[in-house]
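Subject: Structure for your review

Dear colleague,

Please find below the structure that I am handing over to you. I should be grateful if you would read the notes that come after it with the model open.

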Amino acid sequence: MKRFVLICAALLAMANAGAETRKQPKKVPFTHETVELPAVEPKVIAVETGHTALILQIDKKGVVRTVHYGDKIKNPGQFLSFNPSYNRSVDPGALIYPAAGGRFVGQPALSVRYPDGTRNTELYYTAHEVAGNKTTLHLKDYVTAMEVDLVYEAFPEADVIASHAVIRNAGKAAVELTDFASSSMTVTARKYLLTHFHGTWAEEMQVDREMLGHGTKVLESRRGIQTTQCNNPSFLLSLDTAEWSETTGEVIAGSLAWSGNWRISFEEPESGAMRIVAGINPYASAWPLKAGETFTTPDMIWTWSGQGAGQASRNLHRWARKSQLYAGSKITPILLNNWEGTYFDFNTKMLLDIIDDAASMGLEMFVLDDGWFGNDYPRNNDRAGLGDWELNTKKLPEGIDYIASYAHDKGLKFGIWIEPEMVHTDSNLDRQHPEWIVQSPGREMEQIRNQWTLDLSNPDVQDFVYGVFDRTMSLSDKIDYIKWDCNRSITSFGSPYLGPEQDRFFIGYIQGLYKVLDRVRAKYPDTIIQCCSSGGARVDYGQLRYFNEVWASDNSDGDSRIRIQYGTSLIYPACIMGAHVSVVPNHQTGNITPLKFRFDLAATGRLGMELQPKSLTPAERAFADRCIKSYKQYRDLVFGGDLYRLASPYDGEESALMYVSEDKSRAVVFLFNLKYRNRDRTAAIFRLQGLDPARTYKVTEQNVDKSCWWGNKKSFTGDFLASGGFNPSLRKPHDSAVFLLEAL
Ligand code: DGJ
């Protein structure tokens, strides 16, 4: 101590010596006095679901730690005497919401810049309350008066916990938040296998797996609006293993319900524990918080499975279907979209012909894609027109209502495409409102797909974007479906509206988008809305509070699509996944897979078609009719059943999955062979999952005259099908099969 005082005195003397020549730094009122923390009654809080528990321990100082996330424990109170210092010395342990400051030196969930320039925050428990399935913990910094409420909502049936933070500046002066995560979780294991997603246009939701070690792995997006290009704000972490397993072992999965920049970090400090911090990416987004103001973060969705990745996905899917998706698992129509059939080159007659064909094939909706608008700058290609949302009267002189009514008369619903957040460089909107465009003064405004992004942090732009939706809907009272596209991410970011408050831009954009979508949903609760973003660049649980479905990718080539859909299935349920059959070869991606393979694969999601029906031969057309008819028999299972993945396209020669109804009375099994299997090799065995072992199921192959399994149309017990009796013969690459199972 003596030595410390001497050093301080020496430093002070040095500082004084230079004082005549140097500018005096602004004095900060440092003292050695410390604010006394009130004593806290130690306690344990358990946030429980049907099978899992997140257990938090509060020590006598009020430090809150995560002591367990996993199986439910009969008496969580036993954690009361848990002492982290027995297990770790330097690391302060699994802080529930680590703030930058005190003994914590890792990636913080919260960091704050105070008016005096100091950066230290230490959060202590003050109180908590439980209301139904919601547990709220109140934390406070006694020196700076920052307060954080951590809200944990348990979804017992799905074994999911949604968690967010409400950060409050209870001090007297404005502060700035430089980290403001939604949630943090610490787990301890000997090995950590991280599964996450990467991708690009036409290669979305590609699966990446890697072992984590000491140090920090960061997954993030800084693209502003295309949240999931290239990463997705989701992950699965398998514990104590280097092997991926669908059926065994502990897995924690997480997904952030936010549609803008995000960051999820995995940090293994010297303690060997794994600390996960997830939330909005603070990149260029320090958030100003005036005295008395609060900032509420989006939800981070957590689930834990003790039975491998399959159960973790099923938990997320069930939670999403029952509690998060705008329309739950409500079935959306089998549609035909004209994009790949016509691109921009269509007229009313062509569209009516397509509608006739769609109706005769048993399809249920026609969607008119890009190209129907713009007069001064007609949208006849992707080099003009975005922003000018009026009917192109030259191209479609009869109007939208005429086409929509025609579709309705034929028994089809009608949908139409918009991309309301964008403006084209050649458009009236650009001439009228250049100040509405995302830009940075003096910098080139970079075009992507020849277009710019409108600045949704600006309330006038929010009104405009809402107006685009509203005006489009007013073109006909027979519009049942809107495809909402978004074909670029944000670059050269900046908002003319925000002036000096540019740090608000990225978050303000998404808040603005959500405001628009709230208004849209208030007026149009029943309209089916698809979220499309150059394909699947915007797939997240934030968007899915508003949208019925997503267009998973522009790539409908079977070989690529099987990987995209598999990746999507790890986090998102099948009912949101638009999956279309397009032509061979596909114009965009060189599709070569057979029609049956493409149909069987598209039928694992919300089936649709994306082609000119006239391009099909009579035989292909008859086959398409058959597949569509059979899909209608089992699609309730795809939309609302539990998914079991039997084989992964990333790991072997087959891909296989099945959906089982909640009451286990019906199931549909999809099998895809990926490589040549020579005739001397035994057929692959698929061990079916999720069936009732005691029940007997009749098995019927769909879409074929001659079945690939000797057991077709026979009946078998669930235990027989689960233990190796199911071995249809699929030998050629791209052989595929669909089996319907019905309990007798
Ligand atoms: C990108 C989408 O993914 C496509 O389906 C199509 O709608 C085009 N945009 C239209 O420009």
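The notes below cover the ligand site, the cores, one helix, the cysteines and several loop residues.

This is a predicted model, in which local features need pLDDT of at least 70 and side-chain atom pairs count only at pLDDT 80 or more, while totals for chains, interfaces and linings use all residues. Residues are numbered from 1 along each chain as its sequence is written, and side-chain values use heavy atoms, with hydrogens and water left out.

Ligand site

There are 13 residues around the ligand, and Asp-369, Asp-370, Lys-483, Asp-485 and Asp-554 come nearest; a residue is counted here if one of its heavy atoms lies within 4 Å of the ligand. Polar contacts are pairs of N or O atoms within 3.5 Å; within protein, one atom must be able to donate a hydrogen and the other to accept it, and residues adjacent in sequence count only if both atoms are side-chain atoms. The side chain of Lys-483 places an N or O atom 2.8 Å from an oxygen atom of the ligand. For Asp-554, a side-chain N or O atom is 2.5 Å from a ligand oxygen atom, and for Asp-485 the partner is a ligand nitrogen atom, at 2.7 Å. The ligand taken alone exposes 290 Å², of which the protein buries 98%; accessible areas come from the Shrake-Rupley method with a 1.4 Å probe, and for residues only the protein chains shown count as cover.

Nonpolar cores

A nonpolar core is a set of buried Ala, Val, Leu, Ile, Met, Phe, Trp, Tyr and Cys residues joined through side-chain atoms within 4.5 Å. Buried means under 20% relative accessible area, exposed means over 50%, and partly exposed lies in between (1.4 Å probe, protein chains only). The largest core holds 186 residues, and Tyr-97, Ile-167, Leu-177, Trp-372 and Met-609 touch the most other members. Helix α9 (residues 505-523) supplies the largest share of this core, 10 residues. Helices (H or I, at least four residues) and strands (E, at least two) are DSSP runs, numbered from the N terminus. Another core, of 24 residues, lies apart from the largest one and includes Val-669, Ala-684, Phe-686 and Leu-691.

Contact means heavy atoms within 4.5 Å. Neighbours within four places in sequence aside, the contacts of Met-609 include Leu-335, Leu-336, Met-361, Leu-363, Phe-599 and Ile-628. Asn-337 and His-580 are also among the residues in contact with Met-609.

Helix α6

In helix α6 (residues 400-409), the buried residues are Ile-400, Ile-403, Ala-404, Ser-405 and Ala-407. They pack against α5 (348-360), β22 (365-368) and β23 (413-418). Gly-411, just after α6, has a positive phi of about 85°.

Cysteines

With a disulfide taken as a pair of cysteine sulfur atoms within 2.5 Å, the count is zero. Cys-230 forms no such bond because the closest cysteine sulfur, in Cys-486, is 16 Å away. Cys-230 is partly exposed, at 26% relative accessibility. Cys-708 is likewise in no disulfide, with the nearest cysteine sulfur, that of Cys-627, 14 Å away.

Loop residues

Met-205, in the loop between β11 (192-198) and β12 (206-211), is not a glycine yet has a positive phi near 50°. Met-205 is buried, at 4% relative accessibility. Tyr-343, in the loop between α4 (339-342) and α5, also has a positive phi, about 50°, without being a glycine. Tyr-343 is partly exposed, with a relative accessible area of 23%.

His-214 sits in the loop between β12 and β13 (215-221) and is exposed, with a relative accessible area of 58%. Beyond four places in sequence, His-214 touches Glu-268, Pro-269, Glu-270 and Gly-272. Its side chain makes a polar contact of 3.4 Å with that of Glu-268, and a polar atom of the His-214 side chain lies 3.5 Å from the backbone oxygen of Pro-269.

Ser-427 belongs to the loop between β24 (422-424) and α7 (428-432) and is buried, at 0% relative accessibility. The Ser-427 side chain reaches the backbone oxygen of His-424 at 2.8 Å. Leaving aside neighbours within four places in sequence, Ser-427 is in contact with Tyr-377, Gly-385, Leu-386 and Asp-388.

With kind regards
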